[in-house]
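Biologist: Before we discuss this protein, could you put the model on the screen, and then let me ask how each label is justified?

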Amino acid sequence: MRKIVLLLMLTLLVTSWTGLYAASAAIAPRQDGLELNKVRWANHTEAITGAATLRLVMDVSGPVKASGVVIDAPTPRLVVTVKGTTPGTDITDLSFDGKIVEKVSFDVSGKDTTVTFDLPLKVETGDYKVFTLPSDPKANRPYRVVVDINKPLGLPDFSFTAGLKDKVIVIDPGHGGSDPGAIGPARYQEKTVTLAVAKNVQDLLEEAGAKVIMTRQDDRDVFGPGATDVEELNARSSVGNNRKADIFLSIHADSFTNPAAGGTTTYYYQKTLYDSMLAQALQTSLIEAGDLQDRGARTANFYVIKRTQMPAALVELAFISNPKEEKLLSSPGFQQKMSLGIVRGLERFFDQAAKLN
Ligand SMILES: [Zn+2]
């Protein structure tokens, strides 16, 4: 980063004096440095509508400008820039319950403080406000920056009970029909292992009293042959959305150009309060079951986990591009182990989620 700034400065130096002045000012010690020296917050619930708002108030040592921008990917965030300030030494990151905000962190970017709000769901422009208040010496109030964030409306209020009995679970075996998915060095196909594991999981869940909806039962395309990717993925997420499922789970195998890459990963998109909890529970149980490299529960923008209304996860069982793991993926013993891992992960999730009620 420093190198780029220096290069830019050199360019400016030879091109214009105005540029040189601006660039020098950027690295000169700041004389007007204001400090963000205290942070307070409060939750407010509207008595009639029940609309909830989180208000964060930051005291600053002088008048400032502040603005916010919403970032969608990889996870929803509101980033507020407080111009010409640095966070005071007492300012630390804050954790919240995740109903409106999960975490607030403070950073320095150039001459400004950036305050990042990690959100459970993307907020629209009308759902947050960033504004400043002047100092009020009579009331002993300093200059302030205020951030209001509304709890997103229309968020289905999920609540879960423990156990698998009577749960409605959509299982989506990745790929199928005209789309083989990834193919291993010994020509084993991703669509074959995803269906085998999905069917095992279906049997185990039904034995435990859950209701299972499969996006496909055999080797075929879910939308139909010749569909576009979006049509195909939309057909899969609609299965869950139209049947009011509790959980949507997509099963895949990973692939990479380097055949040495291996391990198990679970992906989620945090659009309800439960997506990361679901992914973490599945990942923990899959590592216990399969004992492959733990690549963690990670966020991603994949269509099926983003467009499903209920908590969803996408598991990558192992790397089909890794000769050792391809062999495992094709073996019924390993398929059954991973299927059990998925079922235990779902059970773990419902037990944890029930405690949030
Ligand atoms: Zn896949």
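Modeller: Here is the predicted model, and we can begin with the metal site.

Biologist: What makes His175, Glu190 and His252 donors of the zinc ion?

Modeller: A donor is an N, O or S atom within 2.8 Å of such a metal, and the atoms in question, NE2 of His175, OE of Glu190 and ND1 of His252, lie 2.1 to 2.2 Å from the zinc ion, so they count as its protein donors. Along the chain these donors follow the spacing H-x14-E-x61-H. The pair His175 and Glu190 links distant parts of the chain, with His175 in the loop between strand S11 (168–173) and helix H3 (190–207), and Glu190, 15 residues apart from it, in helix H3. Both His175 and Glu190 are buried, which means that each has a relative accessible area under 20%.

Biologist: Which residues are closest to the centre of the largest pocket?

Modeller: The largest pocket holds about 410 Å³ of space, and of the 24 residues that line it, those closest to its centre are His175, Asp179, Asp229, Leu233 and His252. Two of these names, His175 and His252, have already appeared as donors of the zinc ion. Helix H4 (229–242) gives the most to the lining, with 4 residues, while strand S13 (247–254), helix H6 (303–306) and strand S16 (312–319) are also among the elements that each supply at least two. By type, the lining divides into 7 nonpolar, 9 polar and 8 charged residues.

Biologist: Why is Ser105 called buried or exposed?

Modeller: Ser105, whose place is in strand S7 (residues 103–109), has 11% relative accessibility, and buried means under 20%, so Ser105 counts as buried. Leaving aside its neighbours within four places in sequence, Ser105 is in contact with Asp93, Thr114, Val115 and Thr116. The C-alpha atoms of Ser105 and Ile91, which are 14 residues apart along the chain, are separated by 9.3 Å.

Biologist: Why does Asn140 count as buried or exposed?

Modeller: The cut-off for exposed is over 50%, and Asn140 has 70% relative accessibility, so it counts as exposed. Asn140 is found in the loop between strand S9 (128–133) and strand S10 (143–150), and its phi is near 60°, a positive value in a residue other than glycine.

Biologist: How do you know whether Asp291 is buried or exposed?

Modeller: The relative accessible area of Asp291 is 66%, which we set against the cut-off of over 50%, and therefore Asp291 is exposed. Asp291 is found in the loop between helix H5 (275–290) and strand S15 (294–299), and although it is not a glycine, it has a positive phi of about 60°.

Biologist: What is Arg243 in contact with, beyond its neighbours within four places in sequence?

Modeller: Arg243, in the loop between H4 and S13, is in contact with Val168 and Ile213, where contact means heavy atoms within 4.5 Å. The C-alpha atoms of Arg243 and Ile169 are separated by 9.7 Å, although these residues are 74 residues apart along the chain.

Biologist: How many helices and strands does the protein have, taken as a whole?

Modeller: The secondary structure comes to 8 helices and 16 strands, and buried residues make up 48% of the 357 residues. Among contacts with a separation of 6 or more, 71% are between residues 24 or more positions apart.

Notes. Residues numbered from 1 in each chain as written. Predicted model: local features only at pLDDT ≥ 70, side-chain atom pairs only at ≥ 80, totals over all residues. Heavy atoms only, no water. Donors = N, O, S within 2.8 Å, 3.2 Å for Na, K, Ca; no water. Buried < 20%, exposed > 50% of the residue type's maximum accessible area, 1.4 Å probe, protein only. 1 Å grid on protein atoms, 1.4 Å probe; cavity = no way out; pocket = protein on both sides within 12 Å on 5 of 7 lines; lining within 4 Å. Points joined across faces, edges and corners; volume = space filled by probe spheres on them. Nonpolar A, V, L, I, M, F, W, Y, C, P; charged D, E, K, R; others polar.
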